[in-house]
Amino acid sequence: MASCTALSSSIVEYFQGDGFYRCGYCKNESGSRSNGMWAHSMTVQDYQDLIDRGWRRSGKYVYKPVMNETCCPQYTIRCRPLQFQPSKSHKKVLKKMLKFLAKGEISKGNCEGEPMEPLMEDTVAGDIALINKLDVQCGLRKLGDNLKESLEREEKKGKSAKKAESRELIQSQDKRVKLGSGEPAHSVAVPTAPKPGKGADLSKPPCRKAKEIRKERKRLKLMQQNPAGEREGLQAQQEPPPLFPPEAKSNQPKALEDLLFGSLPENASHKLEVRLVPVSFEDPEFKSSFSQSLSLYVKYQMAIHQDSPDECGKTEFTRFLCSSPLEAETPPNGPDCGYGSFHQQYWLDDKIIAVGVIDILPYCVSSVYLYYDPDYSFLSLGVYSALREIAFTKQLHEKTPQLSYYYMGFYIHSCPKMKYKGHYRPSDLLCPETYVWVPIEQCLPALENSKYCRFNQDPKAEENEDLFLNAESLELSRAHHAVLSVLNITVQTLFEIRLLSCGFRKLKCSSMLECIEHAVNRGHLRFKWQ
């Protein structure tokens, strides 16, 4: 039986973010800026609270961009899986996967270059990976250009031509048809027949397919020949065949699960299995698959990101994707797998072809990174894995109702290769000033005019006071440093994390030392020396 492991505090070590460094998005050599801390250990609730204020982790390094100063502002984005509907391009990817699994069919020419997030950027002592990664979307079309072209074509048409077409399609006011039953009738205009060459005659029933007409005739003939159905046959003879085919059932969109887990034939060409493995060398499944997973990571980094073998070895892989500050927790009211960091391994037949690194937190599934076998790029595994993770979030929600969001990392509107995340809708962006969630549709117009935006339009709105209500204490650890070095923390940083304690922001301290004194006196802050 799984035991419940919960820490009362998180242990972090701060790093000042005074300088600027190279941006992995726009390649500005001194345009990017962030604050960060090394998390020796962290509770899942503390990390949930931090990412709801714009922080993200890369390995054990937890950082937050200085939004109003960095060259490419990075907005936390979350998708709402319970209302998610896959787009046409998403459906194409899912159908492509099912065809491959069922018949081994490989679609060619449909997969454009998949947008990738930039390489890991060194931030602290040349050793910290800065950017979290959720690879990829293939073939998402931008409709803006097509829409613009069609509008320009429409504008070229003369006004007189438009008026003539309108007169042909609108019937005179005295011809009306009553609709509805049991309610006041509404009247609608019945379109008249268009002139030759102007389109279908809307006053007549649509043409029926020859196959449907043959089926109708055959049915009538069988009814006439059947003695038991003689009466029905006579009635059918007396009644003319229906002018309109039977009404089709309402076109309800298929659920994501129906598209993901479509039935496969018994003799399917391939078998795909997704295994959820805790990120722990004490876990036998994680340990036994480590070597294969590492080889896949090296192959991916060298092929997709052009890393050298020295840049993507065992040390880098372990530090970046296997080391996590999150302490595993398995509370009785949580998901069966518990909270913490996991690898979702995609096994095709007998080998791993992709690994999605995720964090399962109290209110969300947070995507960290994805790496896959470049030989299977034709399957658009980045898109496919994101859709699987959305469906997985819905599955966890059934057992744990408060877990209902899918965090996709950062949305960067100014970077074309990072805008694909906005296609997973409905989704929200985090306001960088008030820390409230705003639907992305409301944010996009402002982002077109400015890289940095406050999404909350209420000028009187302040920081969301509902955060950090369940957090406890925070221990600071800084080995081999003097007391003054540890206290070298700005008031803004202290307020930013609010010492992960309820109500600390309301103290309105006037100095850094006063912040520390208040925190220590109230028992919210403890120092642990090594």
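## Notebook: a walk through the predicted chain

**Entry 1, Ile106.** I started at Ile106, which is partly exposed, with 45% relative accessible area. I am working from a predicted model here. Ile106 sits in the loop that runs between α2 (88-103) and α3 (144-156). Which residues does Ile106 touch, once its neighbours within four places in sequence are set aside? I found Phe100 and Phe378. I also checked Leu379: Ile106 and Leu379 are 273 residues apart in sequence, yet their C-alpha atoms are 8.1 Å apart in space.

**Entry 2, the chain as a whole.** Next I stepped back for an overview. I counted 14 helices and 16 strands in the chain. Of the 530 residues, 45% are buried. I then looked at contacts with a separation of 6 or more, and 68% of them join residues 24 or more positions apart. The exposed surface of the chain comes to about 28,900 Å², and carbon and sulfur atoms supply 52% of that area.

**Entry 3, the cores.** A friendly reminder to myself before looking inside: nonpolar side chains tend to be buried together in soluble globular proteins. How many residues does the largest nonpolar core have? I get 86, and the ones with the most contacts inside this core are Tyr369, Tyr371, Tyr424, Leu429, Leu447 and Phe455. The element that gives the most to this core is helix α10 (residues 381-399), with nine residues. Apart from this core I noted another, of seven residues, including Tyr25, Cys71, Ile412 and Met418.

I picked Leu447 for a closer look. Beyond its neighbours within four places in sequence, Leu447 is in contact with Tyr75, Tyr411, His413, Leu429, Cys453 and Phe455. Leu429 and Phe455 were already on my list of residues with the most contacts inside the largest core.

**Entry 4, cavities.** I wanted to know about empty space next. Rolling a probe the size of a water molecule over the atoms shows where such space is left. Searching the whole structure, I found four cavities of 30 Å³ or more. The largest cavity has a volume of about 70 Å³. Which residues line the largest cavity? My list reads Arg53, Gly54, Lys64, Pro65, Met67, Gln74, Tyr75, Thr76, Leu430, Cys431, Pro432 and Tyr435. Sorted by character, the lining has seven nonpolar, three polar and two charged residues. Strands β4 (61-65) and β5 (75-79) each supply at least two residues of this lining. Tyr75 is a residue I had met before, as a contact of Leu447.

**Entry 5, helix α9.** I turned to helix α9 (residues 314-322) and asked which of its residues are buried. They are Glu316, Phe317, Thr318, Phe320, Leu321 and Cys322. What do the buried residues of α9 pack against? I listed β3 (56-58), α8 (284-304), β9 (340-348), β10 (351-360) and β11 (364-372).

**Entry 6, backbone oddities.** A note to keep in mind: most residues other than glycine have a negative phi, and most peptide bonds are trans. I looked up three exceptions.

- Gln306 is not a glycine, but its phi is positive, about 55°. Gln306 belongs to the loop between α8 and α9. With a relative accessible area of 59%, Gln306 is exposed, because the cut-off for exposed is over 50%.
- Asp349, also a residue other than glycine, has a positive phi near 60°. Asp349 lies in the loop between β9 and β10, and at 37% relative accessibility Asp349 counts as partly exposed.
- Arg425 and Pro426 are joined by a cis peptide bond, with omega about 5°. I placed Pro426 in the loop between β12 (405-411) and β13 (427-430).

**Entry 7, Met37 and Lys460.** Two last residues. Is Met37 buried or exposed? Met37 has a relative accessible area of 1%, so I wrote down buried, the cut-off being under 20%. Met37 is found in strand β2 (residues 34-41). Arg57 is 20 residues from Met37 in sequence, and the C-alpha atoms of the two are 9.4 Å apart in space.

Lys460, by contrast, counts as exposed, at 76% relative accessibility. I located Lys460 in the loop between α11 (440-449) and β15 (473-476). The C-alpha atoms of Lys460 and Thr434 are separated by 10.0 Å, and the two residues are 26 apart along the chain.

Key. Residues numbered from 1 in each chain as written. Predicted model: local features only at pLDDT ≥ 70, side-chain atom pairs only at ≥ 80, totals over all residues. Heavy atoms only, no water. Helix = DSSP H or I, 4+ residues; strand = E, 2+ residues; numbered from the N terminus. Buried < 20%, exposed > 50% of the residue type's maximum accessible area, 1.4 Å probe, protein only. Contact = heavy atoms within 4.5 Å. Areas by Shrake-Rupley, 256 points an atom, 1.4 Å probe, with all protein chains shown as cover. Core = buried A, V, L, I, M, F, W, Y, C linked by side-chain atoms within 4.5 Å. 1 Å grid on protein atoms, 1.4 Å probe; cavity = no way out; pocket = protein on both sides within 12 Å on 5 of 7 lines; lining within 4 Å. Points joined across faces, edges and corners; volume = space filled by probe spheres on them. Nonpolar A, V, L, I, M, F, W, Y, C, P; charged D, E, K, R; others polar.
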